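Subject: Structure handover, with notes on its salt bridges

Dear colleague,

Please find below the structure I promised to pass on to you, together with its sequence. My notes on what was found in it follow directly after.

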Amino acid sequence: MPGQQQPAPFLRTIPTEALGRSPEQVLGADTVTALARALARGSPGITALFGRGNGTSQRLYLSLHATGRHVILEVEPQQEEAGHDLPGLGYTWGTRIARASSTSELYAQLLQALQVLTGFESCTLLGHDNDGRDPHLEQQGIPIESFPCTVDRSARVPLMLIDGQAKPAELVGSPGSLPDLSGCPLCLPPPKLRDWLSGRQARAALILDLYEATPGRSLVVCRDRQPRHLAPPLRHLLLQLTQVATLRRALLHEKQQTQHRYRLLHERNTRLQRLAYTDPLTQVANRHRIEQVLETELAAASRNGSPLAVLLFDVDRFKSINDAYGHEVGDRVLHRVAQEAQSHLRNSDYLGRWGGEEFIAVVPGCDLTQAQELAWRVCRALAQSPIEPVGQVTASFGVAACQSGDSCRRLVRRADLAMYRAKRAGRACVRTPEIGA
C-alpha cells in the first residue's frame, strides 16, 4: 500500500538530481505500480506516505499529465484535513448548481461555492461578450470583469498559482527539448495572465474554464492577496462543480433557444394563418374563412336556440367607379368600405369579403330587427363618408335571420335576395327577405 512505502530518495536530494532518475528510483517500484493501477481505474492521482530524512513522514499527492511524448509527474503536499466531508459538500453545492433555473442564479451559486470552499477573498467571472461584460449578470449582483485583451485566451486551465512572488524553480531534465508543461495545474500561468493577476495584488489564484456552448469563453478566477494552496481533492471537487455548471449552462441555453424557436414558430404560424384567412386587399376575412365562421355560428345557434343574422351588402355602381377612376382607386374604395363597416360591428361580429365588391357580416345574438337596425347604421355611415376622388360611395344591404333547419346556403341565399330587393328599391338602402322567402 502507498502508506507502507520506504522513504523516497528525491525527498533528500535536489530537484535536478531527481529529474535525472527513473520513476522507480524517485518513487520506489511499489509506488509506481500503485500509481499505475490508480490511473488505470480513472483516478487522477494517489496519496502516498513518504519518509523524511529526519525520521518523520509526509503525505504527498502524486498525479500524472500526458503531453506529447512526455508524461509529467506532479508532486505536492497533501494536508491531513484536505478531504474533510468533501463528498457531502460536493453533493450539496452540485445539487444547487444543477437546479439553477437561470444563468444568473447558476453563476451566483457557482461563485458562492468556490468562495466558500476555497476561502479566497474574491471569485469573479471574466466575461466573453463584445466588451467582456454582461449587463444582466451585473444587475443580478454577479461579480463580472472584462476579459483583458492582453490575456492570451488560449491559455489552458485549470491553473493554480500558489505564490505569485515565489521564485520559480528551473526544471532541467534529460538533454533535448523540454516538455510542454502548460497542461499542469500547478504550472505558472502565462506571463500576460500572471501580470494581470499581479496588477490586482493577487499572490494566489485558481483559474477554471467554463466551456460554454455559446460562442466565446468565460473564466472563473478565484484570487487572494496571500499565498494559498488548495489540496488536490478540493481542486478536483471545484473543477467538478465548474463542469456541472458548464453542463447546466448548456442546458439552460438550449432551453432558451428551444423556447425562442417555439415562439418564432408560433408567430410564423399565426402570420401564415392570418394570411390564409385574410383577404389581402381589404384586410377582412376571405370567402373561405367567413364560410367557416358562418358554419360554426349557425351550428351554435341551432344548438343553443340563440338568434343569428347575416348582412350581405354590395357597393353600388362599383363598375362605373373602376371605369371612371381605374382599378387602383376601386381597390381603395373597397378597403375604405370594409374599414367603415368594421368600425360599426361588435368584437363578436365577423366581417368578410364575399367576392368582388360584395361583403358579408355574420352577427351572432342578433334577431332580424336588430340586424336590420345595424345594417341601416352602416348604410348611412357609408353614404356620409366620401372617399376621394370618387366622393359619395353607397352600398345596398340585404339582411336575413336564421330560421329553424337553416343551412348556410339557404341563409345566405335569403340575404342575397334581400340585397337585390334593395338594389331594385333604388340602392343605398336596407331590405329583408320577402315574407315566405
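A helix here is a DSSP run of H or I with at least four residues, and helices are numbered from the N terminus. Please keep in mind as you read that this is a predicted model.

My notes concern charged side chains, since side chains of opposite charge can pair when their charged atoms come close. Counting a pair when a side-chain nitrogen of Lys or Arg lies within 4 Å of a carboxyl oxygen of Asp or Glu, one arrives at 13 salt bridges.

One of them lies in helix H9, which covers residues 287-304 and holds both Glu291 and Arg287, four residues apart, or about one turn of the helix. The closest N and O atoms of Glu291 and Arg287 are 3.0 Å apart; Glu291 is partly exposed at 32% relative accessibility, and Arg287 is partly exposed at 37%.

Another salt bridge joins Arg261 to Glu254, with 2.9 Å between the closest N and O atoms. Arg261 is partly exposed, with a relative accessibility of 44%, and Glu254 is partly exposed as well, at 40%.

In the pair formed by Asp406 and Arg410, the N to O distance is 3.9 Å. Asp406 counts as buried because its relative accessibility of 9% falls under 20%, whereas Arg410, at 46%, is partly exposed.

Finally, you may wish to look at Asp314, Asp316 and Lys423, which are linked in a network of salt bridges.

With kind regards

Key: Residues numbered from 1 in each chain as written. Predicted model: local features only at pLDDT ≥ 70, side-chain atom pairs only at ≥ 80, totals over all residues. Heavy atoms only, no water. Buried < 20%, exposed > 50% of the residue type's maximum accessible area, 1.4 Å probe, protein only. Helix = DSSP H or I, 4+ residues; strand = E, 2+ residues; numbered from the N terminus.
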